[in-house]
Amino acid sequence: MQTSDHQNSGGIHQFCHQPVRKLEPCCLSEVQVLDNNECPSNGIQQTHISFGAYNEQYFTLESAPVSAGYIVCDSSPSDGSFSSNRSPFSPQGSQSYLSDPHHSPDNVSGSPLSGSSVVDDGNELRHKLRELELSLLGPDSDTTDSCNCSFRSGVLPQAASISRWNMVEMIPRLDLKQVLVACAKAVSENDMSMTAELMGLLEQMVSVTGEPIQRLGAYMLEGLRARLESSGSIIYKALKCKEPTGPELLSYMHILYQICPFYKFAYMSANVVIGEAIKNEPRIHIIDFQIAQGSQWVSLIQALACWPGGPPFIRITGVDDSDSAYARGGGLDMVGLRLSKVAESCNVPFEFHAAGMSGCEVELDNLRIYHGEALAVNFPYMLHHMPDESVSTRNHRDRLLRLIKSLQPKVVTLVEQESNTNTSAFLPRFIETLDYYNAMYESIDVARPRDDKQRISAEQHCVARDIVNIIACEGAERVERHELLGKWRSRFVMAGFTQYPLSSSVSVAIKDMLKDYSQNFWLQERNGALYLSWKNRVLATSCAWV
């Protein structure tokens, strides 16, 4: 997103009276999110915020408009109505307008807000700015207090402008995390005037090429904007329109696979557990509920080929939806063909069964369970996508666990992000997301230069999408619903499982893998599970059940 070059003559007045610009759908190849590299000639970075609606609007993480439409500055909760109509990755946009009595779909030239409304909002805004200053900088701040300035009827005063640009001057002394949380709090309270001020401030502070918290802040700010626009759906639809080609997306995923140990942690821990659980079984059936490229099973097939007495028969059922098919550039038959070639090269009897569907759609008949096969089931970073009892009466999260338990598997492996965003209210969820992904972005930061375009693209297309979903969406449209291991443990126990003990071989394999990464990654084993941490923040857990 580019900052505006227009002169500011009215402080907050700019947020209320900017006319709507006609926006063309923009499909940008370069990431431009919230970067602060453009300044007006007077040396002051200036930004226009908008929560208005746009004809044929398209939002992406790189192209959300910032200098069009209206901001309704009345802080009354009734003056801002927001609804969630997001359908992830669907192609169509929609229009929504704030409750501006002067604004209708037919009024695109813009009628000014009434003078009394502006005066009331300005008085309240001055006090809120001072409150923000005190909360962020403390009572000893030497920033000029603009509350002594007077208003003139019908025109927003220069006082708000002074406060606005004093806040800009304070940016080097502000804590970005605190400003992000303050903005989320204003959003949660439907305080539009404070939200507008803080969003304008945040735009000066975040950058996709900056420090980890600045990069994360760029995407969290985009999530807040999408939430206010009631456009969790719109931003996802636009992202779908503008997302990279399948090979490009696959390359971004491969970048994350190389620079972060999260996927290797999942694949390696599950493979060691499964290999031990099925030892000496003549026929093996593995159900992978997020098979993606099938890369996890290459090493296991090769290991089983070396079994004393010859390799067992292996059948793999791959479950995956259309998103992975897009990255692969084709259906699950591509995965089956690849794994079949690997098995053939190792002289391992092999069969592949494709179940191209979401986990919510999986029923017993889709899994082709045969008598006499040792069954292993793998849930790699997948179960948190299943809606639970708080979303649907069908409760697919627990239904799927009960279904798998009824199959009497030899082992079930579970790897999940250690974060609590499932049923949390918006503000606690925002804070949890900020803390969790800040650690993740820090871990990515040590592996690639900050201006590395591949890293920027990988973060945008593989990580930022999840962040926007957590912040912008509610109900069934919020598909990123993480739970802590303690909650997963309760679900497995209620479904009839008992915890499967991990051997020392699992932790040894993971610790050996972590030698290729920063020393800030470390592994801990407790209560029968493995915890992968970055510094003092646990990022992922791995455990097994039977």
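# Helix 10, the sheet and the cysteines

User: Which residues of helix 10 are buried?
Analyst: Buried means under 20% relative accessible area, exposed over 50%, partly exposed in between (1.4 Å probe, protein chains only). Helices (H or I, at least four residues) and strands (E, at least two) are DSSP runs, numbered from the N terminus. By that cut-off, the buried residues of helix 10 are Gln296, Trp297, Val298, Leu300, Ile301 and Leu304.

User: What pLDDT do local features need in this predicted model?
Analyst: Residues are numbered from 1 along each chain as its sequence is written, and side-chain values use heavy atoms, leaving out hydrogens and water. This is a predicted model: totals for chains, interfaces and linings use all residues, side-chain atom pairs count only at pLDDT 80 or more, and local features need pLDDT of at least 70.

User: Which elements do the buried residues of helix 10 pack against?
Analyst: Contact means heavy atoms within 4.5 Å. Helix 10 lies across strand 1, strand 2, strand 3 and strand 4. Its buried residues pack against two helices as well, giving this set: helix 9, strand 1 (283-288), strand 2 (313-320), helix 12 (332-345), strand 3 (350-356) and strand 4 (374-380).

User: At what angle do helix 9 and helix 10 pack?
Analyst: Axes are lines fitted to C-alpha atoms, for helices over the stretch in contact; angles run from 0 to 180 degrees between N-to-C directions. Helix 9 spans residues 262-277 and helix 10 residues 296-304, with axes 10 Å apart. Their packing angle is about 30 degrees.

User: How many nonpolar, polar and charged residues has the contact of helix 9 with helix 10?
Analyst: Ala266, Tyr267, Ala270, Asn271, Ile274 and Gly275 in helix 9 meet Gln296, Trp297, Ser299 and Leu300 in helix 10. Ala, Val, Leu, Ile, Met, Phe, Trp, Tyr, Cys and Pro count as nonpolar, Asp, Glu, Lys and Arg as charged, and the others, Gly among them, as polar. The count is six nonpolar, four polar and no charged.

User: What is the strand order of the open sheet?
Analyst: Two strands pair if DSSP finds at least two bridges between them. The edges are strand 3 and strand 6 (521-526), each pairing on one side only. Pairing is mixed across the eight strands, in the order 3-2-1-4-5-8-7-6.

User: Which residue in strand 2 stands opposite Asp288?
Analyst: Strand 1 and strand 2 run parallel, joined by six bridges. Opposite Asp288 in strand 2 is Gly318.

User: How many residues of strand 5 are buried?
Analyst: Both faces are covered. Val411, Thr413, Val415 and Gln417 are buried on one side, and Val412, Leu414 and Glu416 on the other. Strand 5 also pairs with strand 4 in the parallel sense over five bridges. Its buried count is seven of seven.

User: What angle does the direction of helix 14 make with that of strand 8?
Analyst: Helix 14 (residues 426-445) packs on the sheet. There it touches strand 5 (411-417), strand 6, strand 7 (529-534) and strand 8 (537-545). With strand 8, the angle is about 95 degrees.

User: Why is Cys306 not bonded to Cys346?
Analyst: A disulfide is a pair of cysteine sulfur atoms within 2.5 Å. The structure holds zero disulfides. Cys306 is exposed, at 62% relative accessible area. Cys346 has the closest cysteine sulfur, but it is too far for a bond because the separation is 7.6 Å.
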